[in-house]
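Subject: A structure for you to look at

Hello,

I am handing over the structure we talked about, and my notes follow just below it. Please have it open while you read.

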Amino acid sequence: MTIHIGAEPGDIAPTVLMPGDPYRAKWAAETFLQDVRCINKVRGMLGFTGNWHGHPVTIQGSGMGMPSLSIYANELIKDFDVQTLIRIGSCGGMQEHVGIRDVILAMTASTLSTPSRGIFKELNFAPCADYGLLAAAHKAAETKDVLTHVGGIYSSDVFYDERPDLNEQMVRHGILGVEMEAAELYNLAARYGRRALAVLTVSDHLITNEALPAEDREKSFGDMVEIALEAAFA
Ligand code: HPA
């Protein structure tokens, strides 16, 4: 048991998928895993462990934003010795050629700041994905009926942005999408020598202002979960 995860050490698998939304953790576990059991209910941040093709997998909600993700990822790494952490989440598209429902594999995650700022200070550390996971996810995505992009994303601290100029700079520098968690996941994975990747579904678009209709969400998010699982055990 940790402060935020009410599980015993054996309850958490070495591979953890992390959606922001705890109810999406429940949906993904019930849809894709066998022998599913709930392993965390603390603060309603649900976590589930089951099997995928015989491999143990935990799907644990991270909450929204890097401070929240950092709490769960720190405890998963330091107290439960998790080796592979894959964020599965949504993002806002930032390029014309990136469409709603497309999948983005986040090679790097730019930020204004992360919870690790306190240790990096003046240093601009470049948070990046594990290459093996990234390559395996790309291969898995090629077998699905979903357009997949690989490149840089932006992990923002705010959803309701009062600084549109920051998004403009990200767009100008080819950033594919914006979300709020990946950079700190990559920082922690680098610090503790673990594998991390963010697999993201484009749910809304900052340039076209489109948004994924509610009825399309499950199918699109399902592709992302399958890509993450196939990459984890490739
Ligand atoms: N901004 C930040 N995070 C997000 C967005 C967005 O537009 N869409 C999904 N996650």
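Which residues lie nearest the centre of the largest pocket? They are Ser90, Phe159, Glu179, Met180 and Asp204, out of a lining of 24 residues. Please keep in mind as you read that this is a predicted model.

**The largest pocket**

The volume of the largest pocket comes to about 560 Å³. Four elements each supply at least two residues of its lining: strand 5 (84–93), strand 8 (177–179), strand 9 (195–205) and helix 7 (217–232). Strand 5 gives the most, with six residues. Sorted by class, the lining of this pocket holds nine nonpolar, seven polar and eight charged residues.

**The second largest pocket**

The second largest pocket encloses about 250 Å³ of space. Its lining is made of 15 residues, and Thr111, Arg117, Asn124, Phe125 and Pro127 are the ones that lie nearest its centre. Strand 6 (103–111) and helix 3 (117–120) are the elements that give two or more residues to this lining. The largest share, four residues, comes from strand 6. By class, the lining of the second largest pocket divides into seven nonpolar, seven polar and one charged.

**Gly92 in strand 5**

Now back to strand 5, where you will find Gly92. Is Gly92 buried or exposed? Gly92 is buried, because its relative accessible area is 3%, and the cut-off for buried is under 20%. Leaving aside residues up to four places away in sequence, Gly92 touches Leu176, Gly177, Val178, Asp204 and Leu206. One of these, Asp204, was listed above among the residues that lie nearest the centre of the largest pocket. You could also look at Gly92 together with Glu210: the two are 118 residues apart in sequence, and their C-alpha atoms are 9.6 Å apart in space.

**Helix 5**

Next, please turn to helix 5, which covers residues 164–172. Its buried residues are Leu166, Asn167 and Met170. Viewed down the helix axis, these buried residues fall within an arc of 95°, so they line one face of helix 5. As a reminder, an α-helix has 3.6 residues a turn, so residues three or four places apart point the same way. What do the buried residues of helix 5 pack against? They pack against strand 6 and strand 7 (148–155). Strand 6 is also the element that gives four residues to the lining of the second largest pocket. On the other side of helix 5, Glu168 and Arg172 are exposed. Just after the helix, Gly174 takes a positive phi of about 80°.

**The cysteines**

How many disulfides does the structure hold? The count is zero. Cys91 is in no disulfide, and the nearest cysteine sulfur to its own, that of Cys128, is 18 Å away. Why is there no bond from Cys128 to Cys91? The two sulfurs are 18 Å apart, which is too far for a bond, because a disulfide needs sulfur atoms within 2.5 Å. As for their surroundings, Cys91 counts as buried because its relative accessibility is 2%. Cys128, at 45% relative accessibility, counts as partly exposed.

Those are my notes, and I hope they help you find your way around.

Best wishes

Key:
Residues numbered from 1 in each chain as written. Predicted model: local features only at pLDDT ≥ 70, side-chain atom pairs only at ≥ 80, totals over all residues. Heavy atoms only, no water. 1 Å grid on protein atoms, 1.4 Å probe; cavity = no way out; pocket = protein on both sides within 12 Å on 5 of 7 lines; lining within 4 Å. Points joined across faces, edges and corners; volume = space filled by probe spheres on them. Nonpolar A, V, L, I, M, F, W, Y, C, P; charged D, E, K, R; others polar. Buried < 20%, exposed > 50% of the residue type's maximum accessible area, 1.4 Å probe, protein only. Contact = heavy atoms within 4.5 Å. Arc of directions from axis to C-beta.
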